[in-house]
Amino acid sequence: MFMKKKLSLFSKSRALEAEIEEFLQKLSDSALTFQSAVAAYLRDGATNEFELMVQQLGELESRDDALRRSIETQLYRQTLIPESRGDVLGLLETLDQVHGLMEAGLYALSIEKPLIPEPFVPHFQDLVEACVHSVDHLVLASRAFFTNIDEVSEHLQRVMHFEKEADKAGTILKRAIFESDLDLARKMHLKSFAEYIDDVADGTEDVADRLSIYAIKRAI
Amino acid sequence: MDVMVLLLLTGGLFLGWSLGANDAANVFGTAVGTRMVSFTKAAMICSVFVILGAVISGAGTSNTLGKLGAIDTLSASFVAAIAAALTVYVMTHLGLPVSTSQAIVGAIVGWNLHSGSPTDVSVLIKIVGTWIACPILAGLVAMILYKVTVPSLRLARLHLLHLDALTRLALIIAGAFGAYSLGANNIANVMGVFVAANPLEALDVGRLFSLSGIQQLFLLGGLAIALGVFTYSKKVMLTVGADLMPLSPVAAWIVVMSHSIVLFLFASQGLEALLARSGLPTIPLVPVSSTQAVVGAMLGLAILKGGGGINFGVLVRIASGWVTTPFIALVICFASLSVLRNFFE
């Protein structure tokens with residue numbers, strides 16, 4: 001009976017581990033979907049393919065919301081990881097916000113359908129690429145927080161690096177927009193999209209700051 | 001059992017209750033305080049293992065106290081136990097660090113002085129030396145456990161949740177071991193003074209097993225400790241758990257294990273025999289302070305982390321307790337015995 005109870009103790013934790021892994025995987029998938037969707041928009045505009053990817057990202061975000069709530073409930077109901085529970089919840093909630101920022105960027109493109117002149121396309125691509133790398137390394141850092149605390153700081157350094165790259169790409173893009181001959185309304189409109197995308201990288205930086213503190217707390 | 005005998009044993013039983021109320025927190029405080037183990041589960045495990053430790057392995061430390069002074073009347077044993085209990089109460093009330101182990105030794109020396117029995121100085125030196133060695137040894141054991149456990153866990157790369165499940169199990173096992181060691185080591189504080197004047201006869205329980213008079217005495221003491229665990233230790237466990245919270249659960253496990261190993265070392269007759277057979281120096285079987293073992297283990301971890309945050313005031317207070325506690329118990333015991341003798345004469 002003791003062995004049975006012991007096994008159930010570990011099986012419960014395994015099920016929850018699988019949910020956390022699924023949450024992180026969905027965020028990683030979302031970053032790729034975000035990159036593909038922006039690339040499709042820059043190439044062909046708001047086509048069906050683009051709209052399908054917007055919908056896909058929304059579904060991934062909804063699934064992650066459900067997973068986050070399930071994980072939070074189980075952590076409290078089963079009084080698991082009492083000393084790190086608050087940190088884990090904080091991490092999942094801020095990761096979810098990054099998810100939300102990507103979704104907001106794609107919805108803005110889908111609703112406002114801005115016309116992006118050809119010269120700005122490579123700058124937008126650079127910006128998106130830096131943001132997606134930043135999200136990817138944030139996912140790796142978060143995974144390391146659960147499984148290998150020693151690797152967290154290495155991934156966080158990469159997050160910071162790509163966040164800075166995104167800032168640089170964003171600045172170059174905004175400078176190019178305002179140095180162009182477009183009228184001010186279009187300049188402001190395009191600038192807001194540069195900011196939507198840059199917000200994703202800023203979001204990853206906020207999570208990285210929290211995660212570095214959580215990692216120090218977890219170190220024995 | 002004679003009502004009068006039971007009444008005279010209440011001095012020791014009260015000490016047992018107080019030990020259960022306070023020291024159970026040293027073995028299950030973190031687990032219960034952090035809600036990793038429920039209080040009921042902790043109290044059950046603690047009670048069972050304290051009683052087992054007391055009955056199976058409690059004789060070693062009691063023999064040492066017996067060598068210091070064999071109190072040969074039940075009423076004098078009662079006075080010694082009450083003097084130790086009163087010392088613990090007064091010092092706790094004054095907010096001074098106190099240990100039952102140190103109080104009972106003072107009370108026994110008080111009886112020796114009163115009855116004119118000689119105090120074996122070599123035994124006394126051995127006991128006091130053990131008190132000093134206890135926190136130091138606990139600190140060293142904690143350092144070794146830390147150096148082995150932490151790299152192993154890093155290599156194992158366990159998921160945070162898996163580590164949590166393992167830590168819960170480890171805290172329960174360490175708690176059970178700690179409770180056994182506490183019972184084995186500290187039962188002498190509770191019932192040691194009654195051993196020489198023990199009025200209980202050997203008892204056969206069916207055809208299963210028999211309990212010697214001493215074992216029955218220790219069983220009673222163990223039950224008193226268990227009562228203390230169930231009736232009063234929850235509050236202390238929650239406080240200790242909150243105090244130890246800056247430690248991670250793994251570090252808390254190291255502290256509980258170090259405490260338990262040290263208490264076991266100072267109580268195990270089996271280990272003593274093994275060392276003697278191997279021609280190695282033996283470890284004295286002496287009741288030591290469970291709380292000071294925990295403090296020593298925590299200090300060991302603090303030193304490994306660079307020594308920051310060590311409160312040297314706490315160390316001075318502990319060291320002062322090695323002198324003041326036995327002295328106060330000695331005075332109370334001597335004075336009480338003198339008053340009683342004058343009263344009856």
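Modeller: Helix axes here are lines fitted to C-alpha atoms over the stretch in contact, and the angles between N-to-C directions run from 0 to 180 degrees. The structure is a predicted model, in which local features need pLDDT of at least 70 and side-chain atom pairs count only at pLDDT 80 or more, while totals for chains, interfaces and linings use all residues. Residues are numbered from 1 along each chain as its sequence is written, with chains lettered from A and ligands numbered from 1 in the order in which they are written.

Biologist: Why are α3(A) and α6(A) called roughly antiparallel?

Modeller: Helix α3 (residues 85-112) and helix α6 (residues 184-218) of chain A pack at an angle of about 175°, with their axes 9 Å apart. Angles over 145 degrees count as roughly antiparallel (under 35 roughly parallel, 65 to 115 roughly perpendicular, the rest oblique), and α3(A) and α6(A) are therefore roughly antiparallel. Their contact has 15 nonpolar, six polar and five charged residues, where Ala, Val, Leu, Ile, Met, Phe, Trp, Tyr, Cys and Pro count as nonpolar, Asp, Glu, Lys and Arg as charged, and the others, Gly among them, as polar.

Biologist: How many helices and strands does chain A have?

Modeller: Chain A has six helices and zero strands, both being DSSP runs numbered from the N terminus (helices H or I, at least four residues; strands E, at least two). The C-alpha trace of chain A spans about 75 × 35 × 20 Å along its principal axes.

Biologist: What makes I261(B) count as buried?

Modeller: A residue is buried if 20 or more other C-beta atoms, placed from the backbone, lie within 10 Å of its own (exposed if 12 or fewer, partly exposed in between). I261(B), which is found in helix α9 of chain B, has 22 such neighbours and therefore counts as buried. The C-alpha atoms of I261(B) and A142(B), 119 residues apart along the chain, are separated by 9.8 Å.

Biologist: And why is L275(B) called partly exposed?

Modeller: L275(B), in helix α10 (residues 269-277) of chain B, has 14 other C-beta atoms within 10 Å, a count between the two cut-offs, so L275(B) is partly exposed. Not counting residues up to four places away in sequence, L275(B) touches L280(B), P281(B), T282(B) and I283(B), contact being defined by C-beta atoms, placed from the backbone, that lie within 7 Å.

Biologist: How do you know that the span of α4(B) agrees with its number of residues?

Modeller: The expected span is 1.5 Å times one less than the number of residues, so the 20 residues of α4(B) (residues 74-93) should span 28 Å, and the end C-alpha atoms are indeed 28 Å apart. Of those 20 residues, 14 are buried, and α4(B) is followed by G95(B), whose phi is positive, near 75°.

Biologist: Which residues have the most contacts inside the largest nonpolar core?

Modeller: A nonpolar core is a set of buried Ala, Val, Leu, Ile, Met, Phe, Trp, Tyr and Cys residues joined through C-beta atoms within 7 Å. The largest has 115 residues, and those with the most contacts inside it include A80(B), A107(B) and C333(B). Helix α1 (residues 3-33) of chain B gives the most to this core, with 14 residues.

Biologist: Which helix gives the most to the side of chain B that touches chain A?

Modeller: In the contact between the chains, 17 residues of chain B meet 17 residues of chain A, and α7(B) gives the most to the chain B side, with six residues.

Definitions and conventions:
Contact = placed C-beta atoms within 7 Å.
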